[in-house]
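This report describes one pocket of a protein model and then turns to the overall fold. The sequence and structure are shown first.

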Amino acid sequence: MTPDAEFATIDAVRDFNRFYTNFLGVLNKAYLDSPYTLTDVRVLFEVGFRGGVAASTLTRELHLDPAYLSRIVKRFREDGLIETKPDPDDARSQVINVTEKGQVQFQEFVRRSRAQISEYFDRLAIGEPERIVEAMRTIQDTLGANRASPPPAIIRPHRHGDIGWIVQSQARFYCSELGWDHRFEALAAEVAGKFLANFNPEMERCWIAERGGLNVGSIMIADGGNGVAKLRLLYVDKTARGLGLGKLLVDECIRFSREVSYTKLSLWTNDILDTARAIYIKAGFKLVAEEKHHMFGPELNGQTWELDL
């Protein structure tokens, strides 16, 4: 990622943080029309949901200063919302439970919070709430410190919308990471467009690598005529590299090409793409031609590789 792209990404995250804190009312002293702050309510949520929790656990999991939590607990105790007793596992801590009054207040906060979110979602078009929830899950799964291991990737045939994703993902990667210009995107769009316009499912195929419901890789086989299959647009997203997906996609192309009786598999690449070239070499491809060019801006060395089937 270039410095400008990195700064743009960081600024986008900061903009989202400002938006979301305003959206939730984090900076408001009276959260959910109550006399309590968001942190106060979060503490009551945790105690209410768990049915009792050690103060030391709250300071650790909510990243709260012990003295700050102590002040919140003191206020809740004075308001009759909680009661405390010594923690049998930690003499320096205490176990916090909600009282009957606290349980009523906790349930009221839950109701108000749900109503607040429902009010926002009711304004949205059909399908938009689901998109928002999916985006939230993506953020949690990607950035969560204790996130579970992502599910294994699957290789599947392309579906509607996948070809556009292929062009977009490749253009973003090669133009931002390698400094190629708009002509690469034009070439990728041309290759993908021709594939769709002339698609022959008996002799051609596109595969998508998907992980956790997200596209993370792609490859195509197009009919080059005279018994030659063309391997096109191999791509693996940086979030899924190191998993062997590139090899799996290439192996799928070779298997399919043999199955439908192509005699040769051909591809064009550039010698700076070391990872892809290593996959081709290991699969048995042979370099048959190369030529320097400026098709995408910088000087590159284009190469044609072939595999006899």
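In this predicted model, the second largest pocket holds about 860 Å³ of space. Its lining consists of 37 residues. Those that lie nearest the centre of the pocket are Tyr174, Leu234, Leu273, Ala276 and Tyr280.

Six elements each give two or more residues to this lining: the helices H7 (162-177), H8 (182-197), H9 (245-259) and H10 (274-282), together with the strands S7 (228-236) and S8 (264-270). Strand S7 supplies the largest share, with seven residues. The composition of the lining by class is tabulated below.

| Class of lining residue, second largest pocket | Number of residues |
|---|---|
| Nonpolar | 23 residues |
| Polar | nine residues |
| Charged | five residues |

As regards the overall fold, the protein contains 10 helices and 10 strands. Its C-alpha trace spans about 85 × 40 × 40 Å along the principal axes. The radius of gyration is 28 Å, whereas a compact globule of 309 residues would have a value near 19 Å.

Burial and contacts complete the description. Of the 309 residues in the protein, 36% are buried. Among contacts with a separation of 6 or more, 58% join residues that are 24 or more positions apart. The protein exposes an area of about 18700 Å², and 54% of this area is supplied by carbon and sulfur atoms.

Key. Residues numbered from 1 in each chain as written. Predicted model: local features only at pLDDT ≥ 70, side-chain atom pairs only at ≥ 80, totals over all residues. Heavy atoms only, no water. 1 Å grid on protein atoms, 1.4 Å probe; cavity = no way out; pocket = protein on both sides within 12 Å on 5 of 7 lines; lining within 4 Å. Points joined across faces, edges and corners; volume = space filled by probe spheres on them. Helix = DSSP H or I, 4+ residues; strand = E, 2+ residues; numbered from the N terminus. Nonpolar A, V, L, I, M, F, W, Y, C, P; charged D, E, K, R; others polar. Rg over C-alpha atoms; globule rule 2.2 N^0.38 Å. Buried < 20%, exposed > 50% of the residue type's maximum accessible area, 1.4 Å probe, protein only. Contact = heavy atoms within 4.5 Å. Areas by Shrake-Rupley, 256 points an atom, 1.4 Å probe, with all protein chains shown as cover.
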